Amino acid sequence: MQFGLSETQQLLKDNARKFFAGECPIEKVRQLLETDTAFDRELWSSMAEQGYTGIIFPEQYDGVGLGKVELAILMEEAGRALLPGPFFSTVALAGAVIDACGSPAQKQKYLAPICRGETRATVAILESNASWDPLDLQLRSANGSLTAEKLFVTDAAAADTLVVVARNDVLVVDAKSPGIVIAPMLGMDLTRKMYSVKFSGAQGEALANPAGRGKGLRTAMVALSADMVGGMQRTLEVTVEYAKMRKQFGKIIGSFQAVQHQCADMYLETESARSACLYAGWAVDQDAEDAECAVAVAKMYASDAARTVGNRGIQIHGGMGFTWENDLHLYYRRTKASETILGDAIFQRECIARLVIDAPASVSTQATSAQAKNPHIERVSS
């Protein structure tokens, strides 16, 4: 059994870290978050040249053809670099849903341009009831016509294509078509802008297999969890570095046992979240029996762990951790926003509980084993 990354996966990780360090340093991130969309065309083109925009999609649609584990590896490095703009929304969210729901002709039409870096996309799901449960969606398409409002749509202003999730359909809509009004919404994360999208009779094309949206969204949750892991890793690195040089009472604060314990806990949470995320990616790739549960566990654990790591990182920094000049708050903002996207930890626990109740014996046994090892899951049964 292989517990570490393969040679190819490690090479992908190393190259991605070098790429983001060179093409998207924190100074550039800060410049982009001051713009309306946090989107940089040159950076996007460079990512397309690396094959990142088609990383998980079949070669017949100009993709690279790698798996969800490789996507998680790339997204972790993107999260560590605080990559701004619509990469998650386009590739891991909209692209994954199109790949799971579209016919071959629709994939050639909508997915291939994403792989080539020619278009950007996002998914519109959330409505005024603020529920991520598909059964709570109110929007129904009528012969491809949409009249409704979707809220907290990530990167909508930078998108060429909107993938709209309705109760009975999944539709692709040209973001520039008549009957669509996109307006900015206040959001905590400055690197991924949020928008409301109002549809007034806008026309869309229904994807051939709307039942596949669940698999597409599971891919997105793996990617989002990995993004949080990357932020946790960078927060840990910055905090340990600070603890090694900051003096208090004439001593380096890293020499205090209380600070060491907090750093150790941050490391534990980061590694545990990474393991859960990589397993979830593998489970989705293999269509494993427990894939849905594994993804929910990964999103749940990463959401809780990222908040814990962020809190402790800021606590060790003291008041300096809250200042605009310090980068730590940017990671904290991103984590808080990512917690809620596609369902927060509470929502994921409810999903896990339903899956455990309805699951066959083999999956229930796996979930019970995970519960015994993971203190966060214990709350499902309490």
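Ala, Val, Leu, Ile, Met, Phe, Trp, Tyr, Cys and Pro count as nonpolar here, Asp, Glu, Lys and Arg as charged, and the others, Gly among them, as polar. Keep that in mind for the first close-up; every view comes from a predicted model.

**View 1. The second largest pocket, seen through its lining.** With the classes above, the lining splits into 12 nonpolar, 2 polar and 6 charged residues. Lining residues number 20, and the ones nearest the pocket centre are Pro-134, Glu-292, Phe-347, Cys-351 and Arg-354. The space inside comes to about 500 Å³.

**View 2. Helices around the second largest pocket.** Three helices each put at least two residues into this lining: helix 7 (213–245), helix 9 (291–317) and helix 11 (345–358). Which helix gives the most? That's helix 11, with 6 residues.

**View 3. An open sheet of 4 strands.** Follow the strands in the order 1-3-4-7 and you'll find mixed pairing. Strand 1 (121–124) and strand 7 (205–206) sit at the edges with a single partner strand each, so each has one side without a neighbour in the sheet. Helix 5 (residues 87–101) packs on this sheet, where it touches strand 1, strand 3 and strand 4. The direction of helix 5 makes about 70° with that of strand 1.

**View 4. Strand 3 beside strand 4.** Zoom in on residues 161–165 (strand 3) and residues 170–174 (strand 4): the two run antiparallel and are joined by 5 bridges. For a handy landmark, look for Val-165, which stands opposite Val-170 of strand 4.

**View 5. An open sheet of 3 strands.** Here the order is 2-6-5, and the pairing is antiparallel. Strand 2 (145–154) and strand 5 (180–185) are the edge strands, each pairing on one side only. From one strand to the next, the twist averages 10°.

**View 6. Strand 5 beside strand 6.** How many bridges join strand 5 to strand 6 (residues 194–203)? There are 6, and the two strands run antiparallel. Ile-182 is a good place to start looking, as it stands opposite Val-197 in strand 6.

**View 7. Stepping back to the whole protein.** Zoomed out, the close-ups belong to a protein with 12 helices and 9 strands. Its C-alpha atoms fill a box of roughly 70 × 50 × 40 Å along the principal axes. The radius of gyration is 20 Å, which agrees with the value near 21 Å for a compact globule of 382 residues.

Note on methods: Residues numbered from 1 in each chain as written. Predicted model: local features only at pLDDT ≥ 70, side-chain atom pairs only at ≥ 80, totals over all residues. Heavy atoms only, no water. 1 Å grid on protein atoms, 1.4 Å probe; cavity = no way out; pocket = protein on both sides within 12 Å on 5 of 7 lines; lining within 4 Å. Points joined across faces, edges and corners; volume = space filled by probe spheres on them. Pairing = 2+ DSSP bridges. Contact = heavy atoms within 4.5 Å. Axes fitted to C-alpha atoms, helices over the stretch in contact; angles between N-to-C directions. Rg over C-alpha atoms; globule rule 2.2 N^0.38 Å.
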